[in-house]
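Here is a walk through the model, written for someone who would rather think in side chains than in coordinates. Keep the structure open while you read.

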Amino acid sequence: MTKSQANAPAFPVAARDSFPARPEAVAADRPSSVRTDVLRGVRDCFPLLLGLIPFALVLGAQAAGKGLSVVEVPLMTGLNYAGGSEFAAVGLWDQPPPILLIAAVTFLVNSRHLLMGAALAPFLDHLPLRRLLPLLFFMCDESWALGLADARRQFLMGRRPAFSLPYYAGVAAMLYGMWVLFTTLGAAIGPLLGDVRALGLDMAFPAVFLVLLKGMWPGFRAARPWLGSLLAAAGAYLLLPGAWYVAVGAVSGVAAASLLTERT
């Protein structure tokens, strides 16, 4: 082992280092069963369902309380597959619904997907767009976190390419199917349950986010942009109306990461 190899980081932090440029530096592809990777993705989803299912029931029940039918709820959750923006839309729903306002808030809340996609992009260079774009529609916070974490694990194990499309497909299919199914069920039984928030079910999904954050925690030094984003978003949530805290948090996180990178 050379000195440079001994001092190399276990996982490259810069996107340009994610895949070595020289062909001889890339390990040979390891044969992998598509079925095995799909089942592995499905298996990894089960702990997340403990938070996703109650949250989906809450959303479906709230949507039914605003007048959406059992047919309209799965159309909303299936076509706009992003829980945060769906809750925002339901909160703003009225008769008649303020379409432009709902669309603007949905865009703001979903803008975080731009950053999520950028973080995942270095692992997707080997995939053709015709296979990649359909699956990116199903990207949510959980599928992104699991897909990225699995790519990092596979990279450390020497697998090239590190990102497994079958694994991601298994994750995305399970999460999407359960989300649409249980939001629909929530709309159907919501009127029977009353205010489901009184049961504390709305805290299940934030708990899942904390678990995902713990699994991706890189240490305090690397997490300083996260802290800056959190403080800015919290301040905007307290001081500004609407969903501006999402955009403020995203911009602040990017700015903090850029400044800290330049200094180091």
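The side chains of glutamate 86 and tryptophan 179 make a polar contact of 3.0 Å. Bear in mind that this is a predicted model. Glutamate 86 sits in helix 4. Is glutamate 86 buried or exposed? Its relative accessibility is 0%, and since anything under 20% counts as buried, glutamate 86 is buried. Besides Trp179, glutamate 86 touches Leu59, Met76, Thr77, Asn80 and Tyr81, leaving out residues up to four places away in sequence.

Stepping back, here is the overall layout. The protein chain has twelve helices and zero strands. Of its 264 residues, 41% count as buried. If you take contacts between residues at least 6 apart in sequence, 80% of them join residues at least 24 apart. The chain exposes about 15100 Å², with 69% of that coming from carbon and sulfur atoms.

Now for the inside. Trp179, the partner of glutamate 86 in that polar contact, also turns up in the largest nonpolar core, which has 26 residues. Trp179 is among the residues with the most contacts inside this core, along with Cys45, Leu146, Val171 and Leu175. Helix 2 (34-65), helix 3 (72-79), helix 4 (83-92) and helix 9 (165-193) each put in at least two residues. Which helix gives the most to this core? That's helix 2, with eleven residues.

Leucine 146 is a handy place to look at who meets whom. Not counting residues up to four places away in sequence, leucine 146 touches Asp44, Cys45, Leu48, Tyr167 and Val171. Another core, of 18 residues, lies apart from the largest one, and includes Met139, Trp144, Phe155 and Ala172.

Leu48, one of the contacts of leucine 146, is in helix 2. Leucine 48 is buried, with a relative accessible area of 8%. Measure across from its C-alpha to that of glutamate 142 and you get 7.9 Å, although the two residues are 94 apart in sequence.

Serine 143 is a polar residue to check out in helix 8. At 1% relative accessibility, serine 143 counts as buried. Its side chain reaches the backbone oxygen of phenylalanine 138 at 3.5 Å. Outside its neighbours within four places in sequence, serine 143 contacts Phe138, Tyr168, Val171 and Leu175; Val171 and Leu175 are names you've already met in the largest core.

On to the charged pairs. A search of the whole structure turns up five salt bridges, and three of them are listed here.

| Pair | N to O distance |
|---|---|
| Asp37 and Arg159 | 3.0 Å |
| Arg40 and Asp150 | 2.5 Å |
| Arg43 and Asp44 | 3.3 Å |

Aspartate 37 lies in helix 2 and arginine 159 in the loop between helix 8 and helix 9, so this salt bridge ties together parts that are 122 residues apart in sequence. Both partners are buried: aspartate 37 has 4% relative accessibility, and arginine 159 has a relative accessible area of 13%.

The pair of arginine 40 and aspartate 150 also links distant parts of the chain, with arginine 40 in helix 2 and aspartate 150 in helix 8, 110 residues apart. Here too both ends are buried, at 15% for arginine 40 and 1% for aspartate 150. Which residues are linked in a network of salt bridges? They are Asp37, Arg40, Asp150, Arg153 and Arg159.

Stay in that loop for a moment, for the backbone. The peptide bond from arginine 160 to proline 161 is cis, with omega near 0°. Proline 161 belongs to the loop between helix 8 (141-156) and helix 9.

Last stop, the surface. Tyr237, Leu238, Leu239, Leu240, Trp244 and Tyr245 form a nonpolar patch there, with about 720 Å² of accessible area together. Helix 11 (224-239) and helix 12 (244-263) each supply at least two residues of the patch, and helix 11 gives the most, with three. Leucine 239 is in helix 11. Because its relative accessibility is 71% and the cut-off is over 50%, leucine 239 counts as exposed.

Methods: Residues are numbered from 1 along each chain as its sequence is written. This is a predicted model: local features need pLDDT of at least 70, side-chain atom pairs count only at pLDDT 80 or more; totals for chains, interfaces and linings use all residues. Side-chain values use heavy atoms; hydrogens and water are left out. Helices (H or I, at least four residues) and strands (E, at least two) are DSSP runs, numbered from the N terminus. Buried means under 20% relative accessible area, exposed over 50%, partly exposed in between (1.4 Å probe, protein chains only). Contact means heavy atoms within 4.5 Å. Accessible areas come from the Shrake-Rupley method with a 1.4 Å probe; for residues, only the protein chains shown count as cover. A nonpolar core is a set of buried Ala, Val, Leu, Ile, Met, Phe, Trp, Tyr and Cys residues joined through side-chain atoms within 4.5 Å. A polar contact is a pair of N or O atoms within 3.5 Å; within protein, one must be able to donate a hydrogen and the other to accept it, and residues adjacent in sequence count only if both atoms are side-chain atoms. Patches are made of residues with over 30% relative accessible area and no salt bridge: like charges are joined within 9 Å, nonpolar side chains (Val, Leu, Ile, Met, Phe, Trp, Tyr) within 5 Å. A salt bridge is a side-chain nitrogen of Lys or Arg within 4 Å of a carboxyl oxygen of Asp or Glu.
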